[in-house]
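User: I am new to reading protein models, and I would like to go through one slowly with you. Could you show me what to look at, one feature at a time?

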Amino acid sequence: MVKDNSPAGRAFDVLNAIVLFGLAAITLLPLLYVAAGSFASEGEIAARPFFLWPHKIVTDTYDYIFGTGVFVRALLITICVTLVGTAVQVGLTLTMAYPLAKRQLPGRALVLNLVIFTLVFSGGMIPTYLVVRNLGLLDSYWALILPLAINPFYLIIVKTFFQQLPEALEEAARIDGCTEIGVFRRIVLPLSKPIIATFSLFYAVGIWNDYMSPLLYINDNQKWTLQVLVRQLTAPNADSANALQALDSTLFPEQGLKFAIIVIATLPILLVYPFLQKHFAKGVLIGSVKE
Amino acid sequence: MTPAAETPPAVRPKSYRLLKHGWLYVMLLPGVAYFLIFRYWPMYGLSIAFQDYLPFLGYQDSPWVGLKHFEELFAGPDFGRLMFNTGLLALLTVLFVFPAPIVVALMLNEMRRQVVRRSIQSIIYIPHFLSWTIVASVTYLLFSADFGVIAGWINDIVGGPRADYVAQEEWFRPVVVLQLLWKQTGWGTIIYLAALAGVDTQLYEAARVDGAGRWRQFWHITLPGIRPAIVVMAILTTGHLLDSGFEQIWLMTTSLNRSVADVFDTYVYYIGITQGSYSYSTAVGLFKGVVGVLLIYGSNLLSKRLGERGLF
């Protein structure tokens, strides 16, 4: 920001750049190594200390993963839960945020306080687990979706966004005979496409990455999600190895397999990352505005 | 308003308005139901911390035992260890994880080439979006004794028998802090960079005219410019000091490092889910939750006393 061409200033700029490039390298290199390792042979992984490009590209591990029921099932389950879950979460968040954005709605303050209080305090792990159990949702995919159906932070950000929409447009639609639902569907939602896209991605990433919910609510190893599988394949303990054997006794967690499953679980995130990045800074900042 | 609009009886616009609100309430309903079922029902369920909860008796009929479980927690052998482990991780977070994004944001702010700066930002934000499962797995791949690349490098330099950085208890805390730094530092810069972008450039020009060098501009303009952001983040961090990040700690816990790895969050899981002591584990969770609320209100109060703006 500050122009400074003195020798000391130049020296600082160079040092500053070196450190920042170093940070970027530390961020990327582990991921690139895992990606390279997933395309290398078992022998090469063991022999070479660190590499970013395998001597010989082999896709054995990927062939194995996409040809083995355990992996394909986990992948399909995770994709379905993510898609359905995101739809549910976005739908609930939007429909709740809209009435909350109406300042004149009686009772609005009460509901808003109800929401804000959950940011400070929660029932915690065990009481929530018992609610899920009492609802009969253990070992149901809904347990991966419903307990986290609305993120109160996202809800407040979307509400703030709705409040900023020009009132005149909605008013005009109402005068033309639109019902409140009609206004929401025909005026508000089309104007909110960018923010809907952003929060769809945030919710989707949240479900895709979720490990705690399957850990708490899913016991049946036939219903494991991708993250659970990643964990069981890479964890250095006997429990995981046993659990894996119980699932598929032909499975041996070789090094290459660990690399490849990490890549598969990471890739979708990296694919949507450019879109996430475009919007998230804005989202974070709207969220930090005081109500 | 024209007289023509006033002629219909007053009932009609009123009922129209009610109908209009009616739709809004209908839209509100699913969301409110969600909050009541999945956020407030568990809060009601906290009452089992004062009971000997038996699932077939339910919240209503399980026998009340007062503060028994809390006494058991405070007098028991685990409390000191949990407090120490959680507290030490919190201290390490305050010392290393909290300042890191501030430093990096200030460094990025000094970077003049916008294209380079944005590229670096795009890269260091990435780990925030990766799951803890991925971070833990990559850590195992890099640091484990048998295959770990980095473990091998360190061994080449230091010599001696290979350390297992992901299993031995003395390495648990350094590894956890490194993971937090790797995953959250870049993302944490966003809020400070926004604050820095909001600093009035005229201040810099005025300072330059007055002969202030780069360092003095930094000290008297840049740093005060992000102070409110630092205070807000400090309050938020304080409120979450006891939240050790369940997934991260759980994923990095092995049978060898349990003694240093156990924190309140993971303890609640082991006692509650694995061993089924619902009431006792709920009491532990409630204790942690209440301390968290006190911490966030306390730090907010403190920041106001010190003349800062506070969060609420």
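User: Let us begin with the domains: how many Å separate the centres of domain 1 of chain A and domain 2 of chain A, taken over C-alpha atoms?

Analyst: Please keep in mind throughout that this is a predicted model. In chain A, domain 1 covers 7-47 and domain 2 covers 66-287, and their centres, taken over C-alpha atoms, are separated by 32 Å. The two domains do meet, since eight residues of domain 1 of chain A are in contact with seven residues of domain 2 of chain A. On the side of domain 1 that touches domain 2, α1 (7-38) and α2 (42-47) of chain A each supply at least two residues, and α1(A) gives the most, with four residues.

User: How far apart do the C-alpha centres of domain 1 of chain B and domain 2 of chain B lie?

Analyst: Those centres lie 48 Å apart, with domain 1 of chain B assigned to 1-36 and domain 2 to 76-305.

User: Where in chain B is confidence lowest, and where is it highest?

Analyst: Where pLDDT is low, the predicted coordinates should not be read in detail. Chain B has an average pLDDT of 88, and 93% of its residues score at least 70. Confidence is lowest in helix α1 (residues 3-6) of chain B, with a mean of 46, and highest in helix α6 (residues 99-110) of chain B, at 95. Over residues 1-11 of chain B the pLDDT stays under 50, and for this stretch the model has one contact beyond four places in sequence. The scores for the model are ipTM 0.91 and pTM 0.90.

User: At what angle do helix α11 (residues 201-209) of chain B and helix α12 (residues 214-239) of chain B pack?

Analyst: Two packed helices are described by the angle between their axes and by the distance between those axes. Here the angle is about 145 degrees and the axes are 10 Å apart, while the crossing of α11(B) and α12(B) is right-handed. The residues that meet are L203(B), Y204(B) and A207(B) from α11(B), and Q217(B), H220(B) and I221(B) from α12(B).

User: Which residues have the most contacts inside the largest nonpolar core?

Analyst: They are V158(A), L229(A), I261(A), I262(A) and V284(B), in a core of 138 residues. Helix α4 (residues 69-100) of chain A gives the most to this core, with 11 residues. To follow one of the central names, V284(B) is in contact with L73(B), F264(B), Y267(B), V268(B) and I271(B), once neighbours within four places in sequence are left aside.

User: Why is helix α12 (residues 226-234) of chain A described as largely enclosed by the rest of the structure?

Analyst: A residue is called buried if 20 or more other C-beta atoms lie within 10 Å of its own. Nine of the nine residues of helix α12 of chain A are buried, so this helix is largely enclosed by the rest of the structure. Among them are L226(A), L229(A), R231(A) and T234(A).

User: Is F246(B) buried or exposed, and which residues does F246(B) touch?

Analyst: F246(B), found in helix α13 (residues 246-252) of chain B, counts as buried because it has 20 C-beta neighbours inside 10 Å. Not counting residues up to four places away in sequence, F246(B) touches M212(A), D265(B) and T266(B). The C-alpha atoms of F246(B) and T266(B) are separated by 6.0 Å, although these residues are 20 residues apart along the chain.

User: Where is the place of D139(A), and is D139(A) buried or exposed?

Analyst: D139(A) is in the loop between α6 (125-134) and α7 (152-164) of chain A, and it is exposed, with 12 other C-beta atoms within 10 Å. Its phi is near 65 degrees, a positive value in a residue other than glycine.

Terms used: Residues numbered from 1 in each chain as written. Chains lettered and ligands numbered in written order. Predicted model: local features only at pLDDT ≥ 70, side-chain atom pairs only at ≥ 80, totals over all residues. pLDDT = per-residue confidence, 0-100. Core = buried A, V, L, I, M, F, W, Y, C linked by C-beta atoms within 7 Å. Domains from an automatic or database assignment. Axes fitted to C-alpha atoms, helices over the stretch in contact; angles between N-to-C directions. Left-handed = near helix turned anticlockwise from the far one by under 90°.
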